[in-house]
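Let's go through one chain together, a learner and a teacher taking turns. Have the 3D view open as you read.

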Amino acid sequence: MSKLKILYVSSEINPFLKTSEVADYVRKLPQHMQERGMEIRIMVPRFGLINERKNRLHEVVRLSGMNIAVGEDEKPLTIKVASIQSAKLQVYFIDNEDYFHRKSVFRDKKSDEFFSDNDDRAVFFCKGVIETVKKLGWAPDVVHCNDWFTSFIPLYLKTSYKNDPMFKNAKTVFTVYDTHFDHKFDHEELAKKVKMLDIDDSMLTELSTADYNSFIKIGSEYADKVTKGSNSINGEVEEVLSTYGEKVTETEPEGEEYADSYYDIYTGLTE
């Protein structure tokens with residue numbers, strides 16, 4: 001069997017940025033899988049808190065220059081890359097000046113208000129990841145999406161990109177964390193931004209409440225497997241996950257056993 005290709009997508013990764021346990025999870029798991037012979041790529045947003053000089057980020061000109069549609073707007077996509085030298089892991093950063101150059105991640109630094117355009121930022125990021133993979137010419141066997149910010153990727157891969165040569169055989173894993181927020185977006189506007197070719201209103205019913213749970217529902221609905229990355233998760237979210245039955249696979253959140261369980265999930269999905 002040839003090397004499995006695993007794409008990890010996340011809102012953050014240590015040592016570049018850590019605001020939650022997601023960053024540690026996405027730092028350790030790819031290394032475990034690389035040590036087991038899998039081929040790994042990692043993609044995250046280039047949030048403004050990430051110091052480019054200190055972390056030696058540099059632009060990948062051949063991947064940059066695309067425009068990504070978010071509703072009626074189009075925003076330019078810039079791709080940067082850096083390495084985690086100790087693990088020999090390469091990390092690609094999805095960048096756009098309007099969305100990611102703020103000196104905070106999801107909340108205003110002064111007011112602590114949740115950014116009202118976090119939905120736009122999520123749509124841009126998810127589409128940007130897919131288009132970057134296409135430009136790389138690297139067809140992943142598994143796309144492992146981590147946290148709510150990545151939740152549109154399973155939807156897009158099952159619809160708009162289902163026949164694309166880079167993704168037609170790709171399976172998706174969606175991992176949920178204890179990162180609940182209370183903000184509600186405008187449902188109609190959110191649906192307009194998320195829509196792409198081959199996506200109609202009936203496919204977006206999970207977004208009807210336009211809140212955190214909606215992101216978890218849409219990611220869980222279209223992923224092939226759903227897992228939990230936190231020891232304890234908001235009760236409402238646990239209730240949401242319970243509706244997806246056997247698709248939700250229990251894994252240990254840390255230790256050697258969790259690496260074993262993900263190895264089994266990846267190989268099981270691609271057999």
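What follows is a short dialogue on strands, neighbours, a core and a few backbone angles.

Q: Before we start, what kind of model is this, and how are residues numbered?
A: This is a predicted model: local features need pLDDT of at least 70, side-chain atom pairs count only at pLDDT 80 or more, and totals for chains, interfaces and linings use all residues. Residues are numbered from 1 along each chain as its sequence is written, and side-chain values use heavy atoms, leaving out hydrogens and water.

Q: Which feature does UniProt place at residues 5-239?
A: UniProt positions use the numbering used here, with shortened feature names, and annotations may be inferred rather than shown by experiment. The unreviewed UniProt entry puts "domain: Starch synthase catalytic" there. Over residues 5-239 the chain is 31% helix and 23% strand, with the end C-alpha atoms 32 Å apart. Helices (H or I, at least four residues) and strands (E, at least two) are DSSP runs, numbered from the N terminus.

Q: How many residues of strand β7 are buried?
A: Use relative accessible area: buried means under 20%, exposed over 50%, and partly exposed in between (1.4 Å probe, protein chains only). In β7 (residues 142-146), 5 of its 5 residues are buried. Look at the two faces: Val 142, His 144 and Asn 146 are on one side, Val 143 and Cys 145 on the other, and all are buried.

Q: Which strand pairs with β7 over 4 bridges, and which over 5?
A: Two strands pair if DSSP finds at least two bridges between them. Strand β1 (residues 5-9) pairs with β7 over 4 bridges, in the parallel sense. There, Tyr 8 stands opposite His 144, and Val 9 has Cys 145 as its bridge partner. Strand β8 (residues 171-176) is also parallel to β7, over 5 bridges, with Asn 146 opposite Thr 175.

Q: How does the chain cross from β7 to β8?
A: Call a crossover right-handed if, with the strands pointing away from you, the path from the first strand over the helix to the second runs clockwise. From β7 the chain passes through helix α5 (residues 152-158) to β8, a right-handed β-α-β crossover.

Q: What about β1: which strand does it join over 5 bridges?
A: That is β2 (residues 39-45), which runs parallel to β1. Met 43 in β2 is the bridge partner of Val 9. Going from β1 through α1 to β2, the chain makes a right-handed β-α-β crossover. As for cover, 4 of the 5 residues of β1 are buried.

Q: Is Thr 175 buried or exposed, and what does it touch?
A: Thr 175, in strand β8, is buried at 0% relative accessibility. Contact means heavy atoms within 4.5 Å. Not counting residues up to four places away in sequence, Thr 175 touches residues including Tyr 25, His 144, Asn 146, Thr 227 and Tyr 262. A polar contact is a pair of N or O atoms within 3.5 Å; within protein, one must be able to donate a hydrogen and the other to accept it, and residues adjacent in sequence count only if both atoms are side-chain atoms. One such contact, of 2.6 Å, joins the side chains of Thr 175 and His 144.

Q: Where does Thr 227 lie, and which side chain does its own side chain contact?
A: Thr 227 lies in strand β9 (residues 225-228) and is buried at 0% relative accessibility. Its side chain makes a polar contact with that of Tyr 262 (2.6 Å).

Q: Which residues have the most contacts inside the largest nonpolar core?
A: A nonpolar core is a set of buried Ala, Val, Leu, Ile, Met, Phe, Trp, Tyr and Cys residues joined through side-chain atoms within 4.5 Å. The largest here has 97 residues, and Phe 152, Tyr 156 and Tyr 266 have the most contacts inside it. Helix α4 (residues 118-136) gives the largest share, 9 residues. Leaving aside neighbours within four places in sequence, Tyr 266 is in contact with residues including Ile 6, Tyr 8, Val 142, His 144 and Val 173.

Q: Which backbone angles should I check?
A: Most residues other than glycine have a negative phi, and most peptide bonds are trans. Asn 14 and Pro 15 are joined by a cis peptide bond, with omega about 5°, and Pro 15 sits in the loop between β1 and α1 (22-35). Lys 88 has a positive phi, near 55°, in the loop between β5 (73-84) and β6 (89-95). Lys 88 is exposed, at 72% relative accessible area. Asp 198 also has a positive phi, near 70°, and counts as partly exposed at 43%.
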